[in-house]
Amino acid sequence: HRLLDLLRGDGSFVELEERLAARLARAPDDPEAWIELARLREASLHAPAGAADAYREALRRGAEPGLALRGLRRACSALGDWPEVARTLEAELERDVSPARRADLLRELGEVTWHRLGATTRASRAFAAALEADPRDLVSLRSLRALLASMEDWRGALDLVESEIELLQPL
């Protein structure tokens, strides 16, 4: 452990990554070490594929799911692996999250499924669920309106314009 501490302090990231990976190959049941390896690969070595692998292993080894899922999502986003980004969002939604966090995750899922995966039905469901979680979420409302307009669902888009006007009315 002392050598690893020295390498951390010295900023010898390549050697630190090699040593951490070797240690984890011998004793893989350390979720915190997998998270450290993933963060090192992600932030210092700019190796998103290796970071994604380490985040996945951290999840398998019992790491705190929110932390590992957010890291995996960042790494997969950097890789352009949009199906995996959507899966991480869905996995985080299965956890007990606050209504505001739920709305944020659903909005992000809507954006990814619409703009990156072209799954308009899935995106509209995500935006609608975000609005259920936070009825005052103008970003989700406007995104859903734009999605419906792109699908030429003019009635649905008009209904959302009316909802937006109601939201923006002073109390």
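Contact here means heavy atoms within 4.5 Å. The model is predicted.

**Exercise 1. Describe the fold and the overall form of the protein.**

Step 1. Take the secondary structure. The protein has 10 helices and 0 strands. Along the sequence, the pattern reads α-α-α-α-α-α-α-α-α-α.

Step 2. Turn to the radius of gyration. The protein has 20 Å, whereas a compact globule of 171 residues would have a value near 16 Å.

Step 3. Add the box. Along the principal axes, the C-alpha atoms fill roughly 65 × 30 × 25 Å.

Step 4. Look at contacts between residues at least 6 apart in sequence. Of these, 38% join residues at least 24 apart.

**Exercise 2. Describe the surface and the charges of the protein.**

Step 1. Start with burial. Of the 171 residues, 40% count as buried.

Step 2. Take the accessible surface. It comes to about 9,500 Å², and 52% of that belongs to carbon and sulfur atoms.

Step 3. Count the charges. There are 25 positive and 31 negative side chains. The centres of the two sets lie 3 Å apart.

**Exercise 3. Check the length of helix α4, then find what covers its buried residues.**

Step 1. Helix α4 covers residues 48-60, which is 13 residues. At 1.5 Å a residue, the helix should span 18 Å.

Step 2. Compare with the model. The end C-alpha atoms of α4 are 18 Å apart, so the two values agree.

Step 3. List the buried residues of α4. They are Gly-50, Ala-51, Ala-52, Ala-54, Tyr-55, Glu-57 and Ala-58.

Step 4. Find the cover. It includes α3 (31-44) and α5 (65-79).

Step 5. Inspect the chain just after α4. There, Gly-62 takes a positive phi of about 95 degrees.

**Exercise 4. Place His-46 and decide whether it is buried or exposed.**

Step 1. His-46 is found in the loop between α3 and α4.

Step 2. Check the backbone. His-46 is not a glycine, yet its phi is positive, at about 50 degrees.

Step 3. Apply the cut-off. Exposed means over 50% relative accessible area. His-46 has 62% relative accessibility, so it counts as exposed.

**Exercise 5. Work out the surroundings of Leu-37 and Leu-89.**

Step 1. Leu-37 lies in helix α3. Its relative accessibility is 0%, so Leu-37 counts as buried.

Step 2. Set aside neighbours within four places in sequence. Leu-37 is then in contact with Glu-17, Leu-20, Ala-21, Leu-24 and Ala-54. Ala-54 is one of the buried residues of α4.

Step 3. Take the pair Leu-37 and Glu-17. They are 20 residues apart in sequence, and their C-alpha atoms are 6.5 Å apart.

Step 4. Move to Leu-89, in helix α6 (residues 82-93). At 0% relative accessibility, Leu-89 counts as buried.

Step 5. Again leave out neighbours within four places. Leu-89 is in contact with Arg-73, Leu-105, Glu-108, Leu-109 and Val-112.

Step 6. Take Leu-89 and Arg-70, 19 residues apart along the chain. Their C-alpha atoms are separated by 8.4 Å.

**Exercise 6. Decide whether Asp-137 is buried or exposed, and name its contacts.**

Step 1. Locate the residue. Asp-137 is found in the loop between α8 (120-133) and α9 (138-150).

Step 2. Apply the cut-off. Buried means under 20% relative accessible area. Asp-137 has 6% relative accessibility, so it counts as buried.

Step 3. Leave aside neighbours within four places in sequence. Asp-137 is in contact with Ala-103, Arg-107, Ala-130 and Leu-131.

Definitions and conventions:
Residues numbered from 1 in each chain as written. Predicted model: local features only at pLDDT ≥ 70, side-chain atom pairs only at ≥ 80, totals over all residues. Heavy atoms only, no water. Helix = DSSP H or I, 4+ residues; strand = E, 2+ residues; numbered from the N terminus. Rg over C-alpha atoms; globule rule 2.2 N^0.38 Å. Buried < 20%, exposed > 50% of the residue type's maximum accessible area, 1.4 Å probe, protein only. Areas by Shrake-Rupley, 256 points an atom, 1.4 Å probe, with all protein chains shown as cover. Lys, Arg positive; Asp, Glu negative; His and termini not counted. Charge placed at Lys NZ, Arg CZ, Asp CG, Glu CD. Expected span 1.5 Å × (residues − 1).
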